[in-house]
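Biologist: Let us go through the labels on this model. I want the reasoning behind each one.
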Amino acid sequence: MKPFITLDISATGQKVLRLQCENIETENISKYVQDLSVVAYSMPTGHSFQAAWIFRLIFSNGASLEFSSACTMVVGWQEAGSLNIQLIDQEANEKLAIDAVLVRVEIPPFRVTSLVKLVYEDKNFRSECGIAIGGGNEEEIVVATGISPGSVSISVPFSTSPFEPEFSVSECSRELL
């Protein structure tokens with residue numbers, strides 16, 4: 001995954017920071033995870049839901065989605081993040097050397113019922129900065145660009161850790177994937 005991306009420019013002159021996906025097309029993510037359950041997560045030792053440079057959600061089929069963020073200069077000194085998502089199938093999951101530095105934590109199954117991308121927009125730029133994965137009982141897992149460049153911040157129903165996304169989720173629109 002690239003830590004910095006090339007910007008697209010909209011017809012109105014906004015810089016557009018899209019989700020960067022590897023091993024899956026953006027429009028197929030929702031179809032892929034629909035009706036699966038998240039059964040575990042992993043991140044490097046010492047990282048937290050507040051700020052992780054690599055975060056994986058592991059699904060009931062053995063595959064995972066790995067999250068990080070890209071950081072891009074958008075206006076003068078201002079940087080903005082967009083979300084990177086990589087699909088890692090079960091076979092690749094078992095072979096990746098990086099798993100040696102990631103700590104896997106099992107969780108009660110979280111059945112995926114919906115998936116939306118979070119979009120922050122102002123007059124200068126539009127950033128696809130996160131995703132929200134809906135489950136039962138109106139619970140959701142949110143993975144969004146973090147305050148520290150390159151990091152993600154995660155909100156999960158089973159933790160009270162601080163959630164500190166780069167852009168407030170209440171200021172983001174939600175768009176179907």
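Modeller: First a cut-off: buried means under 20% relative accessible area, exposed means over 50%, and partly exposed lies in between. Keep in mind that this is a predicted model.

Biologist: Why does Phe158 count as partly exposed?
Modeller: Its relative accessibility is 38%. That value falls between 20% and 50%, so the label is partly exposed.

Biologist: What makes Tyr41 and Phe158 a stacked pair?
Modeller: The search of the whole structure finds eight aromatic pairs. In the pair of Tyr41 and Phe158, the centres are 5.9 Å apart and the planes differ by 20 degrees. Centres must lie within 6.5 Å, and planes under 30 degrees apart count as stacked, so both conditions are met. Tyr41 sits in strand E4, Phe158 in the loop between E12 and strand E13, 117 residues apart.

Biologist: Why is Tyr41 called buried?
Modeller: Its relative accessible area is 11%. The limit is under 20%, so Tyr41 is buried.

Biologist: What makes the pair of Phe49 and Phe158 edge-to-face?
Modeller: The angle between the planes is 70 degrees, with 6.2 Å centre to centre. Over 60 degrees counts as edge-to-face, so the name fits. Phe49 lies in the loop between E4 and strand E5, so this pair ties together parts that are 109 residues apart in sequence. Phe49 is buried, at 7% relative accessible area. Tyr41, Phe49, Phe55 and Phe158 form one aromatic cluster.

Biologist: How do you know that Lys117 is buried?
Modeller: Its relative accessible area is 11%. That is under 20%, so Lys117 is buried. Lys117 belongs to strand E9. Among the residues it touches are Leu19, Ile131, Arg174 and Leu177.

Biologist: What makes the link between the side chains of Lys117 and Glu128 a polar contact?
Modeller: The distance is 2.9 Å. The cut-off is within 3.5 Å, and 2.9 Å meets it.

Biologist: Why is strand E11 described as largely enclosed?
Modeller: Five of its six residues are buried, so the rest of the structure largely encloses E11.

Biologist: How do you know that E11 pairs with E10 and with E12?
Modeller: Pairing needs at least two bridges. E10 and E11 are joined by five, running antiparallel. E11 and E12 are joined by four, also antiparallel. Both strand pairs therefore qualify. Ala132 has Val142 of E11 as its bridge partner, and Ala144 stands opposite Ser153 in E12.

Biologist: Which residues take a positive phi in the two hairpins?
Modeller: Asn137, in the turn between E10 and E11, has a phi of about 55 degrees. Gly150, in the hairpin of E11 and E12, has a phi near 90 degrees.

How values were computed:
Residues numbered from 1 in each chain as written. Predicted model: local features only at pLDDT ≥ 70, side-chain atom pairs only at ≥ 80, totals over all residues. Heavy atoms only, no water. Buried < 20%, exposed > 50% of the residue type's maximum accessible area, 1.4 Å probe, protein only. Polar contact = N/O pair within 3.5 Å; in protein donor to acceptor, adjacent residues only side chain to side chain. Contact = heavy atoms within 4.5 Å. Phe/Tyr/Trp six-rings, centres within 6.5 Å; stacked < 30°, edge-to-face > 60°. Lists of a residue's contacts leave out its neighbours within four places in sequence.
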